[in-house]
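Here is a short report on one chain and its ligand. It moves from the overall fold to one sheet, one helix and the ligand shell.

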Amino acid sequence: MDFDVIIIGSGMSGGWAAKEFCEKGFKTLVIERGKDVKHIKDYPTAWKNPWDFEYKGYLPKETTNKNPVVSRCYAFNEATEHFFVKDNEHPYKQVKPFDWIRGYQVGGKSLMWARQVQRWSKNEFKSSSRDKYAIPWPIGYDDLSNWYSRVESFIGVAGNKDGLEEAPDGEFLKPWEMNAVEKYIQKRIKENFNDRTPVISRTAHLTEMKDQFIKQGRTQCQARTLCERGCPLGGYYSSTSSTLPWAEKTGNLTLLTDSIVEKIIYDEKLGKAKGVRIINRLTKKVQIITASCIFVNAATINSNLVLLNSTSNRFPNGLGNDNGLLGRYISFHNYRGKVNAKFNGFKNSYYSGRRPASIMMPTFRNRNSQDMDFKGGYMVFYTASRDNWWRETNQWEGAQYGNEFINNISKPGPWSIYMMMQGENIPIYSNHVTLGKEKDNYGIPIIEISVDYTKNDELMIKDFLNEGKKMLQAAGCKDITPYDTKQAPGLDIHEVGGARMGDDPDKSILNKWNQMHLCPNVFVADGACMTTSGTKNPSLTFMAITARAATYAAEQLKNKKI
Ligand SMILES: Cc1cc2nc3c(=O)[nH]c(=O)nc-3n(C[C@H](O)[C@H](O)[C@H](O)COP(=O)(O)OP(=O)(O)OC[C@H]3O[C@@H](n4cnc5c(N)ncnc54)[C@H](O)[C@@H]3O)c2cc1C
């Protein structure tokens, strides 16, 4: 064998697989389809000021016209565009509208993410069996809580121990602070709705230093909120600043960039996979690399693509896909409901600096039983800010630097409130991805995405728009405007499923250790493994699940069971 372990994908979750295997002494190969990104050196815009950019941070019409999909992502701009996959770079077919937002490079999307992290609650793991949707999760909160702790302690998570059943506490660093208006709204919501508790959001930022972070070569977050450019300080978690350099230090890591995994090769005699076939992105040279164990961490849809394309005599419909469910039950987060409002008080209060956090409220719907006309729950986020001065004065297009600008945004004045939902989307059979007949530049079938909202989402949006308005009214806000963005699925960038975990091999692709029921040395540990989407931002759970699966696989390797 060339390696003990191959990991497909070097992003948020692949970085964790690399750390766990390398620390345990396994010769590990991480294969990444995109370019190399070295921490610090390859963040070309990290220190630039707005006036250093040709378009002052915005993108010219030519770019946005050519890239309607990725342009809809709020984080895609002149300072970050080099980390995003452009619309024509890796085509896919939208059978139904789906904005597929991607980052193909070492670090994956861990470079551009918004860093909001929350643990799932006990109820979230149980609700699909309780309320009869999807299938039961084969694991619960207690199976994951130590792994959440392991990940939080290593990546650094700012948060407050709030004691909330629906958002379990973790290993937290100093929390970010709410401003005066956010605190006031929090107080009014708690007073008026005894099932709702807004708290400061939990973020993967180093708000204080510990030995563990110094050893990783990372520095305290300076709250610059320029994170999506890559942070030279390592102030937030990305695999490039944290897990990958950590794995590299062990001497056990090999990183192969610009190499697209076309398929996993199944060996009928061995009854398991023997390696992968890769195509060099630049030269199109094909190579086969062997290993005893394979981890698939290419991000949900690409992991499905690799598995569906891994056909053989034994598995003509994709690896481990005897039940035909591979690529099915894709779900996502429903971000359509938003509320804008104004707040007239606290005109003399101000806050200084920036803050990479907002206010989060765990779900207050369907917590212990289904008591709504829809299934699943939703989180609510809100912020109160004074930085909308230029909108108020219709000077949005004006310069956002210079003395005049600074003087104006420093003056006391009105506050703007922004509230949004993050709703659980219920996985259904018809929401799926499949391989099309068309091929990409490398001869690999392009993926066809057929994913849509259902009536359940519509009912949830209606409920949030009502409740959001009621909460802001109770908080004394004015000009409350609830609206439905009607955005397509995908723009939430929280797509999950397709190779779900479950105890029943007829109804799932992976067992409770993320191991394929039908191919024991292949593990899928990114979002593709998720049985349901829950209400929480997903990445902390992807990392915890990956660390748990890698530790299990390492034991199996050591005992020659796989
Ligand atoms: C703007 C933005 C904001 C976000 N905010 C949040 C947030 O606040 N909280 C949160 O939890 N999540 C957030 N996310 C989502 C988060 O980034 C993803 O959940 C996370 O990165 C997924 O981790 P992953 O390891 O599955 O995939 P990625 O981090 O995307 O890594 C996958 C890697 O696999 C590589 N790859 C793909 N196919 C192949 C192949 N065939 N061969 C070799 N390599 C391959 C890719 O190039 C990529 O580098 C956000 C994302 C974006 C873009």
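What share of the 562 residues of the chain counts as buried? The share is 51%. A residue is buried if 20 or more other C-beta atoms lie within 10 Å of its own, exposed if 12 or fewer, and partly exposed in between, with C-beta atoms placed from the backbone.

This is a predicted model: local features need pLDDT of at least 70, side-chain atom pairs count only at pLDDT 80 or more, and totals for chains, interfaces and linings use all residues. Residues are numbered from 1 along each chain as its sequence is written.

**Overall fold**

The chain holds 13 helices and 20 strands. The radius of gyration, taken over C-alpha atoms, is 23 Å, close to the 24 Å that the globule rule gives for 562 residues, so the chain is as compact as a globular protein of that length. That rule is 2.2 Å times the number of residues to the power 0.38. Along the principal axes, the C-alpha atoms fill a box of roughly 75 × 55 × 45 Å. Among contacts with a separation of 6 or more, 73% join residues 24 or more positions apart. Contact means C-beta atoms, placed from the backbone, within 7 Å.

Helices (H or I, at least four residues) and strands (E, at least two) are DSSP runs, numbered from the N terminus.

**A sheet and its helix**

One open sheet has 3 strands in the order S3-S16-S15, with mixed pairing. Strands pair if DSSP finds at least two bridges between them. S3 (93–94) and S15 (432–439) stand at the edges with a single partner strand each, so one side of each has no neighbour in the sheet. S15 pairs with S16 (residues 445–450) in the antiparallel sense, over 5 bridges. Lys439 stands opposite Pro445 in S16.

H9 packs on this sheet and touches S15 and S16. Its direction makes about 65° with that of S15; axes are lines fitted to C-alpha atoms, for helices over the stretch in contact, and angles run from 0 to 180 degrees between N-to-C directions. In H9, 9 of the 10 residues are buried, so the helix is largely enclosed by the rest of the structure. Among them are Thr300, Asn304 and Leu308.

**Ligand shell**

There are 40 residues around the ligand; Gly9, Gly11, Gly108, Ala114 and Ser539 come nearest. These elements each give two or more residues to the shell:

| Element | Residues |
|---|---|
| Helix H1 | 12–23 |
| Strand S6 | 259–267 |
| Helix H9 | 300–309 |
| Helix H13 | 539–558 |

A residue is near the ligand if its C-beta atom, placed from the backbone, lies within 6 Å. H1 gives the largest share, 3 residues.

Methods: Contact = placed C-beta atoms within 7 Å.
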